[in-house]
Amino acid sequence: MNADIFLDNRGSWQWEVVDGDGVYLRSDRHFDSQAEALRNLREETHLLNPTVRLN
């Protein structure tokens with residue numbers, strides 16, 4: 001699985017986990033920084049080393 005950390009249309013950072021069929025899991029929170037979003041991604045999904053694309 002891959003994860004995307006992206007800037008949404010509100011100017012906040014969010015993350016989503018994507019598999020071959022599309023979006024698997026998406027954060028319901030908005031973050032002030034990419035680092036916060038990545039930290040939350042790891043806490044919520046327990047993925048220690050996800051393949052992350054920063055957009």
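Does Tyr 24 count as buried or exposed, and at what relative accessibility? Tyr 24 counts as exposed, because its relative accessibility is 54% and the cut-off for exposed is over 50%. This value, like the others below, comes from a predicted model.

**Strands and hairpins**

Start with the strands. Strand E1 covers residues 2–7. Strand E2 covers residues 13–19, and strand E3 covers residues 22–26. E2 pairs with E1 and is also joined to E3. The table sets out the two pairings.

| Strands | Sense | Bridges | Residues in the hairpin between the strands |
|---|---|---|---|
| E1 and E2 | antiparallel | six bridges | five residues |
| E2 and E3 | antiparallel | four bridges | two residues |

Single residues help to place each pairing. Between E1 and E2, Asp 4 stands opposite Glu 16. Between E2 and E3, Val 17 has Leu 25 as its bridge partner. The hairpin of E1 and E2 also holds a backbone detail: Gly 11 takes a positive phi near 85 degrees.

**The core**

Which residues make up the largest nonpolar core? There are eight: Ala 3, Ile 5, Trp 13, Trp 15, Val 17, Phe 31, Ala 37 and Leu 41. Three elements give two or more residues each to this core: E1, E2 and helix H1, which spans 34–45. E2 supplies the largest share, with three residues.

Two tryptophans belong to this set. Take Trp 13 to begin with. It sits in strand E2. Trp 13 counts as buried because its relative accessibility is 15%, and the cut-off for buried is under 20%. Trp 13 also has a partner far along the chain: Ser 33 is 20 residues away in sequence, yet the two C-alpha atoms are 6.1 Å apart.

Now Trp 15. Neighbours within four places in sequence are left aside here. Its contacts then include Asp 4, Ile 5 and Phe 6. Leu 25, Arg 26 and Ser 27 are also among them. Further along the chain, Trp 15 touches Phe 31, Ala 37, Asn 40, Leu 41, Glu 44 and Thr 45. Of these contacts, Ile 5, Phe 31, Ala 37 and Leu 41 are members of the core as well.

**The surface**

Back to Tyr 24, which lies in strand E3. What does Tyr 24 make together with Met 1 and Leu 25? The three residues form a nonpolar surface patch of about 330 Å². Leu 25 thus appears in several places: in this patch, as the bridge partner of Val 17, and in contact with Trp 15.

Conventions
Residues are numbered from 1 along each chain as its sequence is written. This is a predicted model: local features need pLDDT of at least 70, side-chain atom pairs count only at pLDDT 80 or more; totals for chains, interfaces and linings use all residues. Side-chain values use heavy atoms; hydrogens and water are left out. Two strands pair if DSSP finds at least two bridges between them. Buried means under 20% relative accessible area, exposed over 50%, partly exposed in between (1.4 Å probe, protein chains only). Patches are made of residues with over 30% relative accessible area and no salt bridge: like charges are joined within 9 Å, nonpolar side chains (Val, Leu, Ile, Met, Phe, Trp, Tyr) within 5 Å. Accessible areas come from the Shrake-Rupley method with a 1.4 Å probe; for residues, only the protein chains shown count as cover. A salt bridge is a side-chain nitrogen of Lys or Arg within 4 Å of a carboxyl oxygen of Asp or Glu. A nonpolar core is a set of buried Ala, Val, Leu, Ile, Met, Phe, Trp, Tyr and Cys residues joined through side-chain atoms within 4.5 Å. Contact means heavy atoms within 4.5 Å.
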